[in-house]
Amino acid sequence: MAQLDIQATSLTVKWTAPVDDGGSPITAYQVVILKDGAEIKSVNITDPGITNWNAGGLERNTTYTVKVLARNAVFEGLAAEREVTTKYEDNGKL
């Protein structure tokens with residue numbers, strides 16, 4: 001996972017294609033957000049040229065796990081995973 005832009009109630013996930021595609025071009029990505037181990041958001045991105053996604057509607061000052069998985073015709077790769085905490089406030093506003 002290349003980068004996360006974390007705000008109080010949203011985050012943007014930005015990634016790059018994996019170095020090893022298993023010999024078959026990447027065809028899709030899946031981004032999953034979990035809170036306390038439960039999946040709360042998931043998106044399948046079927047355009048391999050899209051390498052970012054914005055998740056809104058999150059809770060302030062809350063810890064989430066973000067996972068990004070790459071897929072091709074052969075397999076789904078291991079998830080890149082990162083734990084993040086949303087901010088308490090955005091731009092000085094509650």
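Me: Which residues have the most contacts inside the largest nonpolar core?
Reply: Keep in mind that this is a predicted model. Its largest nonpolar core has 19 residues. The elements giving two or more residues to this core are strands S1 (3-6), S2 (11-14), S3, S4 (38-45), S5 and S6. Inside the core, the residues with the most contacts are Leu11, Val13, Trp15, Val31 and Trp53.

Me: What does Val31 touch, leaving out residues up to four places away in sequence?
Reply: Val31 is one of the core residues with the most contacts. Among its partners are Val13, Trp15 and Trp53, which are on that list too. The full set for Val31 is Val13, Trp15, Lys41, Ser42, Val43, Ile45, Trp53, Lys67 and Val68.

Me: In what order do the three strands of the open sheet come?
Reply: The pairing in this sheet is antiparallel, and neighbouring strands are turned by 15° against each other on average, direction ignored. S1 and S5 each have a single partner strand, so they stand at the edges with one side left without a neighbour in the sheet. That gives the order S1-S2-S5.

Me: Which residue in S5 stands opposite Val13?
Reply: S2 and S5 run antiparallel and are joined by four bridges. Val13 faces a residue of S5 that also belongs to the core list with the most contacts. That residue is Trp53.

Me: How many salt bridges are there?
Reply: To count, a side-chain nitrogen of Lys or Arg has to be within 4 Å of a carboxyl oxygen of Asp or Glu. Lys35 with Glu59 passes at 2.7 Å, Glu81 with Lys67 at 3.8 Å, and Glu76 with Arg71 at 2.6 Å. The count comes to three.

Me: How many residues apart in sequence are the parts that Lys35 and Glu59 tie together?
Reply: Lys35 forms a salt bridge with Glu59. Lys35 lies in strand S3 (residues 26-35), while Glu59 is in the loop between S5 (52-55) and S6 (63-72), so the pair ties together parts of the chain. Their separation in sequence is 24 residues.

Me: Is Glu81 exposed or buried?
Reply: Glu81 meets Lys67 in a salt bridge, linking strand S7 (residues 80-85) to strand S6, 14 residues apart. Lys67 has 26% relative accessibility and counts as partly exposed. Exposed means over 50%, and Glu81 has 53%, so Glu81 is exposed.

Me: What do the relative accessibilities make of Glu76 and Arg71?
Reply: The side chains of Glu76 and Arg71 meet in a salt bridge. Buried would need under 20% and exposed over 50%. Glu76 has 42% and Arg71 has 24%, so each counts as partly exposed.

Definitions and conventions. Residues are numbered from 1 along each chain as its sequence is written. This is a predicted model: local features need pLDDT of at least 70, side-chain atom pairs count only at pLDDT 80 or more; totals for chains, interfaces and linings use all residues. Side-chain values use heavy atoms; hydrogens and water are left out. Buried means under 20% relative accessible area, exposed over 50%, partly exposed in between (1.4 Å probe, protein chains only). A nonpolar core is a set of buried Ala, Val, Leu, Ile, Met, Phe, Trp, Tyr and Cys residues joined through side-chain atoms within 4.5 Å. Contact means heavy atoms within 4.5 Å. Two strands pair if DSSP finds at least two bridges between them. Axes are lines fitted to C-alpha atoms, for helices over the stretch in contact, and angles run from 0 to 180 degrees between N-to-C directions.
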